[in-house]
Each structure stands twice: as structure tokens, then as C-alpha cells.
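User: Could you take me on a close tour of one part of this model, with enough of the surroundings to place it? I'd be glad of the cut-offs behind each term as you go.

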Amino acid sequence: RLLCVLPVLVGWTTAIVCPPNVCQLVDCAYMAADSCAGTFKPNGGYCGCCPSCVTDLGEGESCQFSVLLGAAPSQTCGKSLYCDPTTLTCKKLTTIAKRLVGPCSLELMDYNTKQQNGQSMLGVQKPNCDETGFYAGMQTQGSMAYCVTKEGVKIDSYQVNIGEAGNMDCKCARDLYSYMKSGLIGKLFNCEKNGNYPATTTAPLGVCAAKLAEVNAQLQSSGHMLLGLEKPKCDTDGTYAGMQVRGSQAYCVSKDGTPINSYMVNRWEAGNMDCQCARDLYNYMNSGLIGKLFYCQPNGNYPTTTATPTQ
């Protein structure tokens, strides 16, 4: 095994490439989480192989770190702070900034700021964000690719070598994680090791698809439309579409069919009602995060002249 010693390089370098299976050649010094006075990162060292202890800097402290090229960063601006590229000091995120970006976008902004400041990014992986500012399903660290939730929580057991990632989307792993957290039982998931659904199979029958099958069976057995019985509107993955109808009303629901309060219009006013804003607000409120503002129309849509609150 190889004890990795990084030389001091003179001049500029564009990138440091971590070869596949590099961690098998690296001996890591022992580091206990409780001995770290800052943030303990299990894979924050060289190529994501070794643990590291990163000092959290306070507001106003200098973030122009003096680190050796090739060494993992030992300091970073603390929670809710970012490194201002003009002053090179840690500053608080404003209320406007908080509501314009999701948790992944915040991390990405911090990453880009450090990179622009010329800091070493060795051992620091650039986050992979979706279009809403939350974490994409697949993230990488060193030579590994793994699955996370939208909030960036690692989903155990779904990890492959980065060379095997390919079209890794972690959809199955995410659906399984959400289902386990919901407290529901009875649905089976057959996820591949990369967190995807098997290419030859489809997602398990969703709650809406199951309800639709039940309604169709009732209609078939009765031979005519039953008073008060509405067919649910389902998305392609078997979950509930945003807009549902009952009697003379159209209303918004979550993907599991939970009505979202305050978003309801007359059925004939539904038109292009998609409830996307109401759903985003509902998911955000249940995530435990704060700071983002939503301006939803009575039908649950985003206003046609404005964009979603995250970029």
C-alpha cells in the first residue's frame, strides 16, 4: 500500500485527477469524529479516501486560505455563510439569496467562490444540482458515485465506481427511501446497485395507479358510472397528478394524493391548472428548510410572468 505524500508544486495546474481505485493505495491517518473541533468529513481528504477536519470560520473572518496546492482545504465559511469574492471574507447570506437557491445551489456557490479565489479543491467534490437548486440523485466523491435524497442525505447501499455510473439516476433508490420514510408498507422495490430501476421493468404500481385500477374495477362491475365516484388523474410514474377534481371543484394534491390546503378553484376554471407552485411550497414546508418565498396563484400554479423561486 502507498502512503500518499503530495509535493508542493510551483506554478499553475488545471486539475488533479483521481484515478480509479486510488483509495486502495492510500493509507489514511486515524481521525476520530469527536476529536474534530470543526466539521468532520469522512471523505474530505485526498481523492475522497481519507477523513478530514475542516474548521468553520465565522462571519467577517478571512476566507483567503493559505493552503498548499494539492492539500485538502482545512477551513471553510460556516453554516449560512459564504466567501465574498470581493472582500475574501465570510458573509451572511441575505434573505433574498436564501430564497433564490436550494441547499445544493448554496454548496455549489461556495464551491465556485473558493475555486475563483484560487483555493485548492482537492478532496472537495463539486455538487451535482437539479434545476430547482436541490441535489440531483447521483453525486460523486473520489472514485465513487452514490445516491442521495433531494436534501443531500446519502442513501445507503447504492454506490458504484464512478466509471460505472453511466446513466445513473437513483430514481428507484429515492423512491424506496421516500416510501420507507412515509411509514407505508406493502410496496416492493427492486433497485439496481446504482439506484436505478432495472431497465426491463417499470416502477411499482403507484398509489394513484392502484386507486385508478380500483375505480375501474368498480365501474366494470357496476356497468355504469357511480354517483360521486371520480377517476383519479395519475402521472406516468403512478403517483397522483397535481390537479384532481371532485364534484364542481378542482384542487391541488401532493404526489401521494394529500390535498394541499388553500389551492382550489371551480372545476370550469381549472384550464391549465398544474399545481406546481403549490406542490413546491408543500414539499419545501415539509423539508424543514426556511427562507424561500413562494407566490402561488389560487389554482396552485406559478404566476405566468414570474419564474420559480429557485434558479
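Analyst: Happy to, starting with the whole chain. Of the chain's contacts between residues at least 6 apart in sequence, 42% link residues at least 24 apart, where contact means heavy atoms within 4.5 Å. This is a predicted model, in which local features need pLDDT of at least 70 and side-chain atom pairs count only at pLDDT 80 or more, while totals for chains, interfaces and linings use all residues. Residues are numbered from 1 along each chain as its sequence is written, and side-chain values use heavy atoms, leaving out hydrogens and water.

The chain holds five helices and 11 strands; these are DSSP runs numbered from the N terminus, H or I of at least four residues for helices and E of at least two for strands. Of the 311 residues, 37% are buried, and here buried means under 20% relative accessible area, exposed over 50%, and partly exposed in between, with a 1.4 Å probe and protein chains only. The exposed surface comes to about 18,300 Å², with carbon and sulfur atoms supplying 55%; such areas come from the Shrake-Rupley method with a 1.4 Å probe, and for residues only the protein chains shown count as cover.

Now for the close look, at the hairpin of strands 7 and 8 and its partner, helix 3. Strand 7 (residues 144–148) pairs with strand 8 (residues 154–161) in the antiparallel sense, over four bridges; two strands are said to pair if DSSP finds at least two bridges between them. V148 faces K154 of strand 8 across this pairing. Five residues lie between the two strands of the hairpin, and G152 in that turn has a positive phi of about 95°. Strand 8 also contains S157, a residue other than glycine whose phi is positive, near 80°. With a relative accessibility of 68%, S157 counts as exposed.

Carry on past strand 8 and you reach C170, in the loop that leads to helix 3. This residue, again not a glycine, has a positive phi near 60°. In contrast to S157, which is exposed, C170 is buried at 0% relative accessibility.

Helix 3 itself has 12 residues and spans 16 Å from first C-alpha to last, close to the 16 Å expected at 1.5 Å a residue; the expected span is 1.5 Å times one less than the number of residues. Its buried residues include C172, A173, R174 and Y179, and the buried residues of this helix pack against strands 7 and 8. After the helix comes G183, with a positive phi near 85°.

What do these elements build together? The largest nonpolar core has 15 residues, of which M138, A145, C147, Y158, M168 and F189 touch the most other members. Strand 7, strand 8 and helix 3 (171–182) each give at least two residues to this core. A nonpolar core is a set of buried Ala, Val, Leu, Ile, Met, Phe, Trp, Tyr and Cys residues joined through side-chain atoms within 4.5 Å. Apart from it there is another core, of 11 residues, including A250, I260, Y263 and C275.

One more residue belongs in this picture. N196 sits in the loop between helix 3 and helix 4 (207–222), and it is buried, at 5% relative accessible area. Setting aside neighbours within four places in sequence, N196 contacts N167, M168, D169, C170, C172 and C191. That list includes C170, the buried loop residue, and M168 of the largest core. N196 is also 6.7 Å from A173 in space, C-alpha to C-alpha, with their positions 23 residues apart in sequence.

Helix 5 (residues 276–287) is worth a glance too. It has 12 residues and reaches 16 Å from its first C-alpha to its last, close to the expected 16 Å. Its buried residues are C277, A278, R279 and Y284, and their cover includes strand 10 (249–253) and strand 11 (259–266). G288 comes just after helix 5, with a positive phi of about 90°.
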